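Colleague: I would like to learn how to read a few features in a model like this one. Could we go through them in turn?

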Amino acid sequence: MSTQFSPWERLLARSLNTFPQAKKKIKKVYQRINYAFHKKGYRYRSDYQLNELSDNQGETFFGYYDKSPESGDGKYILYHYSEYATKNLPSCSHPIEVRLWNISQGASIYKRKVKSYNWQQGARLQWLSCSKFIFNDFSDDLGYHAIMVNFSTGDFQETVIKMPVYDCYKESYALGLDFAKLHQLRPDYGYRNHATDLNEQSTKNEGVYRVDLEANTSELIIKLSDLSQKVPLGAQKINHIMISPDGSRFVFLHRLYINGRRYDRLFVANQSGDNLRLVADDQMVSHYSWIDNEQLVVYMRVMGEGDSYYTVNVVNGEVFPLRETVQRYGDGHPGIVGEMMITDTYPNKGRMKELLLYNLKKDMLVSLGEFFESLEFYGETRCDLHPRFSHDGKKIYFDSVHSGSRKLHWINLYG
């Protein structure tokens, strides 16, 4: 929730957590009333030139904040393309396309339809190297799987990976999870290509999978059933796997649903799944990003301290709050290159979202712009900015619907 909302509004929102369906309805009505009184006379405002990836008449977006759409050499942009209006819920009856944009040519040079996607993370499209990328798909004979594309020779060579992936470490290995279960408990991030009822047998095999991308093999390295014995398997899930920059370890969220309320736990493990340790367990963990191979920036709750951005050392357990300069904006989607952190805000009362650049060492914050989000994009169809740096830190990519349709944008920070 944007910090423009008062403490009593926040308290009311939290008190409604036990009644999720009622909360959704009350929240939307309240947001409509607020917008009527606080709407702005502009749809976006920024001191930076705004660039847009426009491709024919469709909508474009990249997905989640934890990956950059730009290749490491700065020559290409990965993105999703949809002629199906993204104001609608995702549907396996309406495939979208994974595309590759050649920056120098100003044209798309690769196109492939995919059936497994959502508007928040797309098909988990991500780079493995400057000439290799990967994404998820679904077919009746293979079920969920991944497609690895290599274009180092000039041709696009596709390899089917037998398991869907969530995060990858270069061309070495990937980590995957149960996207069917994810849809059941959090459809914003799951896929819709399966039966809605999951049987107990499939749940017993749920957890984190390690996928050897070269050998095309996979193994279950963390079982969901080992994380909590107190809550039924059907009321817990794993999400938001994030591998450290050197590939040696990863973190993930374990979310449990007890009497209608959600509880978050943050775990860390070595890349093979051993040395599993609980990092945070104070009810709420939201978004995070690696600073280096041992430290994260995490928006989470610390009892006695409150909901804030914290630096968390996953090796020695040290936790420190970031300075107040950035805390007043509330939860966002942080990404880090060097000492710079990019993040965003949720819509305020006027339905404007803010893009923020913050220096972790100097405690300096700059607003890069405000962007409007209509209530036509709401819930699963919302469009968080999900900002991401280019690998050299000179560009900021983000998705936005301020124009009335979903588009991938970027700004140049320097020059």
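Colleague: Which residue is the bridge partner of I336 in β24?

Modeller: The general idea comes first. Strands of a sheet pair through backbone hydrogen bonds, either parallel or antiparallel. This is a predicted model. Here I336 bridges to M341 of β24. Three bridges link β23 with β24, residues 340-344, and the two run antiparallel.

Colleague: What is the strand order of the open sheet?

Modeller: β1-β26-β25-β24-β23, five strands with antiparallel pairing. β1 (44-45) and β23 (335-337) are the edge strands. Each has a single partner, so one side of each lacks a neighbour in the sheet.

Colleague: And the pockets? What lines the second largest one?

Modeller: Again, the idea first. Rolling a probe the size of a water molecule over the atoms shows where empty space is left. The second largest pocket has a volume of about 930 Å³. Its lining has 32 residues, with D66, K67, S68, P245 and H391 nearest the centre. By class, 16 are nonpolar, eleven polar and five charged.

Colleague: Which strand gives the largest share of that lining?

Modeller: β7, with four residues. Strands supplying at least two residues each include β23 and β27.

Colleague: Where is Y378, and how is its accessibility classed?

Modeller: Y378 sits in the loop between β26 (364-372) and β27 (388-389). Its relative accessibility is 22%, so Y378 counts as partly exposed. Buried would need under 20%.

Colleague: Which residues have the most contacts inside the largest nonpolar core?

Modeller: F250, V251 and L266, in a core of 43 residues. Another core, of 28 residues, lies apart from it and includes L53 and Y397.

Terms used:
Residues are numbered from 1 along each chain as its sequence is written. This is a predicted model: local features need pLDDT of at least 70, side-chain atom pairs count only at pLDDT 80 or more; totals for chains, interfaces and linings use all residues. Side-chain values use heavy atoms; hydrogens and water are left out. Two strands pair if DSSP finds at least two bridges between them. A nonpolar core is a set of buried Ala, Val, Leu, Ile, Met, Phe, Trp, Tyr and Cys residues joined through side-chain atoms within 4.5 Å. Buried means under 20% relative accessible area, exposed over 50%, partly exposed in between (1.4 Å probe, protein chains only). On a 1 Å grid over the protein atoms alone, a cavity is a set of points where a 1.4 Å probe fits but cannot get out, and a pocket is an open set with protein on both sides within 12 Å along at least five of seven lines; lining residues have an atom within 4 Å of a point. Grid points are joined across faces, edges and corners, and a volume is the space filled by probe spheres set on the points. Ala, Val, Leu, Ile, Met, Phe, Trp, Tyr, Cys and Pro count as nonpolar, Asp, Glu, Lys and Arg as charged, and the others, Gly among them, as polar.
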